[in-house]
Amino acid sequence: MAKEIKCVGILTSGGDAPGMNAAIRAVTRAGIYHGLKIKAIYRGYKGLITGEIKEFKTEDVSNIIQRGGTILKTSRCPEFRTPEGRALAFETMQKEEIDALVVIGGDGSITGAYNLAKEFDIPCIALPGTIDNDLYGTDTTIGYDTALNTIMECIDKIRDTASSHERLFIVEVMGRDAGFLALNGTIATGAEACVLPEIDPEFEKITQFISNGLRRTKSSSIVLFAEGREKDYNIMEVAENMRQKFPELDVRVSILGYLQRGGSPTASDRILASRLGVAAIESLLEGQRNIMVGLRNNEIVYIPFTKAIKDDKPLDKDVVRAQEIMAS
Ligand code: ADP
Ligand code: F6P
């Protein structure tokens with residue numbers, strides 16, 4: 001018979017994302033509501049190995065829903081990738097009497113939870129926390145909406161300069177392996193084109209998009225370039241290529257960088273994180289294990305770890321088509 005869950009550990013891991021604090025708050029409050037003890041683990045898997053742990057009460061999560069980043073801190077922990085590291089983490093869990101774990105993070109963090117769960121038979125629940133939106137099975141991830149809005153605000157500002165100076169801007173946005181931020185950022189800002197990791201960049205096609213855009217606006221052009229495409233093309237080389245193709249345009253590069261990861265979460269991210277946090281606790285109490293809690297068509301769904309981390313999340317074809325039509 002499965003062991004009764006009395007104490008749940010919570011940690012944030014991998015890249016921080018706006019809304020992680022709202023998720024920590026929801027897991028803590030829902031846990032306490034259901035009579036559980038909540039133990040907060042600092043610095044992701046690193047803190048699980050070293051035992052940086054504190055019991056959380058309701059007041060420990062007051063006044064954090066509006067804050068970006070994560071009050072629990074986060075880290076990349078190479079040691080947890082090894083069986084020895086995970087054995088140390090398990091020892092800490094036994095010592096602290098933590099019966100189950102809620103992990104908030106991206107695909108790497110969920111892979112870590114999956115390995116721990118397999119090796120030590122520990123109930124683990126993951127919440128998708130990443131600005132990249134690259135987790136299969138959920139329509140959106142905690143932090144994605146905020147990052148997309150940040151990108152939109154930045155590009156609206158860049159547009160002012162682009163059109164005043166009649167420049168072509170190539171703007172790099174985050175997305176390690178996925179183009180959701182770049183694609184939807186392009187639609188939301190009316191940018192002329194995007195270069196995505198999922199779609200062959202085909203240089204000629206990109207320049208075609210741009211020349212179409214130029215014919216219409218005759219003043220400026222903005223191309224969003226997903227960071228994940230850097231594997232194939234260096235953004236500076238892309239800019240040089242564009243300079244040669246459009247000698248009449250002044251070409252500039254802008255890399256948005258880490259500002260995309262920060263800031264106060266949008267209402268959507270706060271609500272998403274709160275709903276998923278409550279569902280994490282309730283699914284554990286219902287006996288669910290080793291699943292990521294997500295949202296599909298506005299309903300809570302449970303995705304086995306194996307699917308969430310192994311299956312690639314495809315870009316929505318309708319969205320790609322809409323972007324192409326807008327840019328034609
Ligand atoms: P994200 O969760 O944002 O994708 P990472 O890929 O850096 O970020 O993963 C975060 C952490 O998850 C890693 O530093 C490591 O501790 C853990 N992790 C990632 N992959 C594995 C793995 N295959 N096995 C065990 N732990 C892993
Ligand atoms: O996974 C989220 C993300 O923002 C990616 O888009 C980016 O590649 C990565 O994190 C960068 O993270 P860091 O520099 O913190 O390792």
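The following exchange concerns a predicted model with two bound ligands and a few loop residues.

Student: In the predicted model, which pocket does ligand 1 sit in?
Tutor: A molecule is assigned to a pocket if more than half of its atoms lie within 2 Å of the pocket's grid points. By that criterion, the place where ligand 1 sits is the largest pocket.

Student: Which element gives the most to the shell around ligand 1?
Tutor: There are 17 residues around ligand 1, and those that come nearest are Arg76, Cys77, Asp107, Ser109 and Asn115. The element that gives the most to this shell, with six residues, spans residues 107-120 and is helix 4.

Student: How many residues of the shell around ligand 1 are polar?
Tutor: By class, the shell around ligand 1 holds five charged residues and three nonpolar ones. The polar residues in the shell around ligand 1 number nine.

Student: How far does a polar side-chain atom of Ser109 lie from an oxygen atom of ligand 1, and what share of the ligand does the protein bury?
Tutor: Ligand 1 has a nitrogen atom 3.2 Å from a polar side-chain atom of Arg81, and an oxygen atom 3.3 Å from a backbone N or O atom of Gly15. For Ser109, a polar side-chain atom lies 2.5 Å from an oxygen atom of ligand 1. Taken alone, ligand 1 exposes 550 Å², and the share of that area buried by the protein is 88%.

Student: Which residues surround ligand 2, and how many of them are charged?
Tutor: The surrounding residues are Arg76, Ile131, Asp132, Met174, Gly175, Arg176, Glu227, Tyr258 and Arg261. Divided by class, this shell around ligand 2 has three nonpolar residues and one polar residue, while the charged residues number five.

Student: What is the distance between an oxygen atom of ligand 2 and a polar side-chain atom of Tyr258, and how much of the ligand does the protein bury?
Tutor: An oxygen atom of ligand 2 is 3.4 Å from a polar backbone atom of Arg176, and an N or O atom in the side chain of Arg261 is 2.8 Å from an oxygen atom of ligand 2. For Tyr258, the distance from a polar side-chain atom to an oxygen atom of ligand 2 is 2.3 Å. Ligand 2 exposes 400 Å² when taken alone, and the part of that area buried by the protein is 77%.

Student: Is Thr266 buried or exposed?
Tutor: Thr266 is found in the loop between strand 9 (250-255) and helix 9 (267-285). Its relative accessibility is 18%, and a residue under 20% belongs to the buried class. Thr266 therefore counts as buried.

Student: How far apart in space are Thr266 and Asn290, C-alpha to C-alpha?
Tutor: Along the sequence, Thr266 and Asn290 are 24 residues apart. In space, the C-alpha to C-alpha distance between Thr266 and Asn290 is 28 Å.

Student: Why does Asn63 count as buried or exposed?
Tutor: Asn63 is found in the loop between strand 3 (53-56) and helix 3 (83-95), and its phi is near 60°, a positive value in a residue other than glycine. The class follows from a cut-off, in that exposed means over 50% relative accessible area. Because its relative accessibility is 59%, Asn63 counts as exposed.

Student: What is the relative accessible area of Asn297?
Tutor: Asn297 is found in the loop between strand 10 (291-296) and strand 11 (299-304), and its phi, near 50°, is a positive value in a residue other than glycine. Asn297 is exposed, with a relative accessible area of 69%.

Conventions: Residues are numbered from 1 along each chain as its sequence is written. Chains are lettered from A and ligands numbered from 1 in the order in which they are written. This is a predicted model: local features need pLDDT of at least 70, side-chain atom pairs count only at pLDDT 80 or more; totals for chains, interfaces and linings use all residues. Side-chain values use heavy atoms; hydrogens and water are left out. A residue is near a molecule or strand if one of its heavy atoms lies within 4 Å of it. A polar contact is a pair of N or O atoms within 3.5 Å; within protein, one must be able to donate a hydrogen and the other to accept it, and residues adjacent in sequence count only if both atoms are side-chain atoms. Accessible areas come from the Shrake-Rupley method with a 1.4 Å probe; for residues, only the protein chains shown count as cover. Ala, Val, Leu, Ile, Met, Phe, Trp, Tyr, Cys and Pro count as nonpolar, Asp, Glu, Lys and Arg as charged, and the others, Gly among them, as polar. On a 1 Å grid over the protein atoms alone, a cavity is a set of points where a 1.4 Å probe fits but cannot get out, and a pocket is an open set with protein on both sides within 12 Å along at least five of seven lines; lining residues have an atom within 4 Å of a point. Helices (H or I, at least four residues) and strands (E, at least two) are DSSP runs, numbered from the N terminus. Buried means under 20% relative accessible area, exposed over 50%, partly exposed in between (1.4 Å probe, protein chains only).
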